[in-house]
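Dear colleague,

Please find the structure below, handed over for your records. A short account of what was found in it follows.

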Amino acid sequence: MNILEAAHLDKYFGGVAAVTDLSFQVPKGSIYSVIGPNGAGKTTLFNMLCGYYVPNGGSITFAGKELVGLETHEIAARGISRTFQNLQVFYNMTVLENVMVGCHLRTHTGLIKAALRLPSVVREERRVREWSMEALELCGLEHLAEREAGALPYGELKRLEIARALASAPEFLAMDEPAAGLNDTETLEMRALIQRLKGRGITILLVEHNMGLVMEVSDRVLVLGFGSLLAEGTPEEVQNNPDVIKAYLGEEV
Ligand SMILES: Nc1ncnc2c1ncn2[C@@H]1O[C@H](COP(=O)(O)OP(=O)(O)OP(=O)(O)O)[C@@H](O)[C@H]1O
Ligand SMILES: [Mg+2]
């Protein structure tokens, strides 16, 4: 079963066609990667999925329901969470607090109730802490919960971002270059984390330049070239596709 289906997506910026007539399907529970050279349209696709850009044409359905036209928070409420290519961490807050920020979609406390410290609010805060600690554990960061986020090395910050994205209990997680800037050890940790998330039943959309990582973890890979679908299939199919080898992957695979 496909959890996400994109059909005939178009996105133009003035005269530039960033994405043209793009269709693909993401099977539920899979790791689905989008690759392609710089400027191929990966981030544009990502932003259309998350509601940051409105497509000029086409549709994106999630669990059978249309996403195009929804606001970013409405898309998040449907169960789609994301991480950013550039870190979006609050450096002067603790690691735990950073993750607790991601829980707001699961809570109902308004400002007045919070100010009155009603018992329901206190209970909810305890739950938020528990959810956040679970997300930190999944990301291997629970021992750093009380540490100031600004003191963490880059690899752990990247995983902290994922922990925060997980705090909203998403069904679908879109990650924009989670391995960018990581050293070899950190990349291995990231790979293990991505596989753990899949083990939890979360469907993953991965935009990533690290071909080794993509080919190891992905169930399917979509190759974009100048905004269009160049190839789509299993990592093996894509790696053996002559067009892909020639035009986009070069010597890397
Ligand atoms: N907000 C924007 N305004 C104008 N043009 C844009 C905008 N966003 C993207 N583009 C253009 O659309 C095309 C696709 O860009 P996009 O950022 O989606 O590529 P990408 O595959 O993510 O590249 P990279 O690997 O460098 O991140 C490029 O030609 C880019 O210049
Ligand atoms: Mg990009």
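Around ligand 1 there are 13 residues, of which Asn38, Gly39, Lys42, Thr43 and Thr44 come nearest (a residue is near a molecule if one of its heavy atoms lies within 4 Å of it). This is a predicted model, in which local features need pLDDT of at least 70 and side-chain atom pairs count only at pLDDT 80 or more, while totals for chains, interfaces and linings use all residues. Residues are numbered from 1 along each chain as its sequence is written, chains are lettered from A and ligands numbered from 1 in the order in which they are written, and side-chain values use heavy atoms, with hydrogens and water left out.

Oxygen atoms of ligand 1 make polar contacts (pairs of N or O atoms within 3.5 Å; within protein, one must be able to donate a hydrogen and the other to accept it, and residues adjacent in sequence count only if both atoms are side-chain atoms). The partners include a polar backbone atom of Gly39 at 2.8 Å, a polar backbone atom of Gly41 at 2.9 Å and a side-chain N or O atom of Lys42 at 2.7 Å. On its own, ligand 1 has 630 Å² of accessible area, and the protein covers 63% of this (Shrake-Rupley method, 1.4 Å probe).

Two or more residues of the shell come from each of β2 (16–27) and α1 (42–49) (DSSP runs, with at least four residues for a helix, H or I, and at least two for a strand, E, numbered from the N terminus). Helix α1 gives the most, with three residues.

Yours faithfully
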